[in-house]
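Me: Please take a close look at one part of this structure, the nonpolar patch on its surface. After that, go through the side-chain contacts elsewhere in the chain.

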Amino acid sequence: MSKRDYYEVLGVERGAGKDEIKKAYRKLAFQFHPDKNPGNKDAEEKFKEATEAYEVLSDEEKRRIYDQVGHAGFGRGGGAQDPFAGGGFQGFDLSDALRAFMREFGGFEGGFSTGGGAGPRARKGRDLQVRVHLTLAEIATGVEKQIRVKRLVDCGKCHGSGAKDGSKPVACETCAGTGQIKQVQRTILGQFINVVECSACDGEGTIVRDRCRDCNGTGTVRGEETVSVKIPAGVVSGNYITVRGHGDAAGRGGRNGDLYVVIEEAEDDRFVRHDADVLIDIPLTYPQLALGTKLEVPTLDGKVLLRVPAGTPSHKILRLKGKGIPRLNGYGRGDQLVRVVAWVPDKVSKKEEELLKELEKAFAGRAPKVD
């Protein structure tokens, strides 16, 4: 199902200020918070949706990217910000939303918890980042890259459990396997329930007593894999692709981290990129500019015939429609700009010098005067 517009989710206009956005989010977050709607999946989805929208629109850089390319800027390539600063919202789950809510508003009274939902904390492996250098030709067409990634993988000996053969993790006695400890504080303003992670089991709810020797109980070992990544046409430096589950393994029943493939665009020898347009300089002689000419010019798709009208001045830019780079959001393709530049030889022969002097006499007094 396609995502709703973030402004529509929060019920604010596109020009809304930060205070207005925060106020709109606060209202929705308190309305649909899971602690107020236990077991209500619809409310949970609305809480996640509102929090995701707020995470983007409350951040100046993320909001700028969203206003330019929409949802494409997050998670599928797009978003010039560092992905480890919170970008990429494919797979934005309830725990992410609750953490964002708590970061913004902290605890609140009336019996609502200040932690996540009940149950052990799911381990998550570390997110990884790799940089991929692309040529302009690859960016113009899109490309599939095979990327070798060094990462933590599940231990083959204990199959990621961390426990020695013949044993298994046991429930934590401190938290009775819940992974959380509740702290209740009563004040004249009401009751505060603070749910904190169990320090004995690090929130996992289980403890490994007999550790696997290969991984020392972590459930993970060093490994390597090759990941195939499809990169769409039109990306720019700083865009990134989120590859779910290909970061470090968490071990002991946790979920893998994610892999962020960050795009770096290599400089091109011929073309200079301007968003979706590309610019190339083509040197021409004075007779070609004065009399006009037809010539083949290189494009990202191969050579095409270009007509230069008679009387074209140096540095005039001619446009080849649709010969630029596809736009990332899918709306058409840019143009190729051909800048014709008068070519002046370093040296001339005796005959050429005589011809040029004759030409100088012929045009004497015709050049525009500068006041």
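Reply: In this predicted model, Y286, V348, L356, L359 and F363 make a nonpolar surface patch of about 420 Å². One of these residues, L359, sits in helix α8, which covers residues 350-362. L359 counts as partly exposed because its relative accessibility is 33%. Residues enter a patch only with over 30% relative accessible area, and L359, at 33%, passes that cut-off.

Next, the aromatic contacts. Five aromatic pairs turn up when the whole structure is searched. One of them is formed by Y25 and Y54, whose rings are stacked, with 4.4 Å from centre to centre and 10 degrees between the planes. This pair links distant parts of the chain, since Y25 belongs to helix α2 (residues 18-32) and Y54 to helix α3 (residues 41-57), 29 residues apart. Y25 and Y54 are both buried.

Y240 and Y260 pair in another geometry: their ring centres are 5.7 Å apart and their planes stand at 70 degrees, so the pair is edge-to-face. The cut-off behind that label is an angle over 60 degrees between the planes. Here the partners come from strands. Y240 is in strand β8 (residues 240-243) and Y260 is in strand β9 (residues 259-265), so the contact ties together parts that lie 20 residues apart in sequence. Y240 has 0% relative accessibility and therefore counts as buried. Y260 is also classed as buried, because its relative accessibility is 5%. Besides these, Y6, Y7 and Y66 form one aromatic cluster.

The charged contacts come last. The structure holds 24 salt bridges, and three of them are described here, starting with E8 and R4. In the bridge between E8 and R4, the closest N and O atoms are 3.4 Å apart. E8 has a relative accessible area of 47%, so E8 is partly exposed. R4 is partly exposed as well, with a relative accessible area of 37%. These two residues do not stand alone: R4, E8 and E49 are linked in a network of salt bridges.

K41 and E44 form another salt bridge, with an N to O distance of 3.8 Å. Both residues lie in helix α3, three residues apart, which means that about one helical turn separates K41 from E44. The two ends of this bridge differ in exposure. K41 is exposed, with a relative accessible area of 57%, whereas E44 counts as buried at 17% relative accessibility. The cut-off that places E44 among the buried residues is under 20% relative accessible area.

The third bridge joins the side chains of D335 and K321, again at 3.8 Å from N to O. Both residues are in the loop between β14 (316-320) and β15 (336-342), and the pair links distant parts of the chain, 14 residues apart. D335 is buried, with a relative accessible area of 9%. K321 counts as exposed, because its relative accessibility is 66%. As with K41 and E44, then, a bridge can have one exposed partner, K321, and one buried partner, D335.

Note on methods
Residues numbered from 1 in each chain as written. Predicted model: local features only at pLDDT ≥ 70, side-chain atom pairs only at ≥ 80, totals over all residues. Heavy atoms only, no water. Patch = residues over 30% accessible without salt bridge, like charges linked within 9 Å, V, L, I, M, F, W, Y side chains within 5 Å. Areas by Shrake-Rupley, 256 points an atom, 1.4 Å probe, with all protein chains shown as cover. Salt bridge = Lys/Arg side-chain N within 4 Å of Asp/Glu carboxyl O. Helix = DSSP H or I, 4+ residues; strand = E, 2+ residues; numbered from the N terminus. Buried < 20%, exposed > 50% of the residue type's maximum accessible area, 1.4 Å probe, protein only. Phe/Tyr/Trp six-rings, centres within 6.5 Å; stacked < 30°, edge-to-face > 60°.
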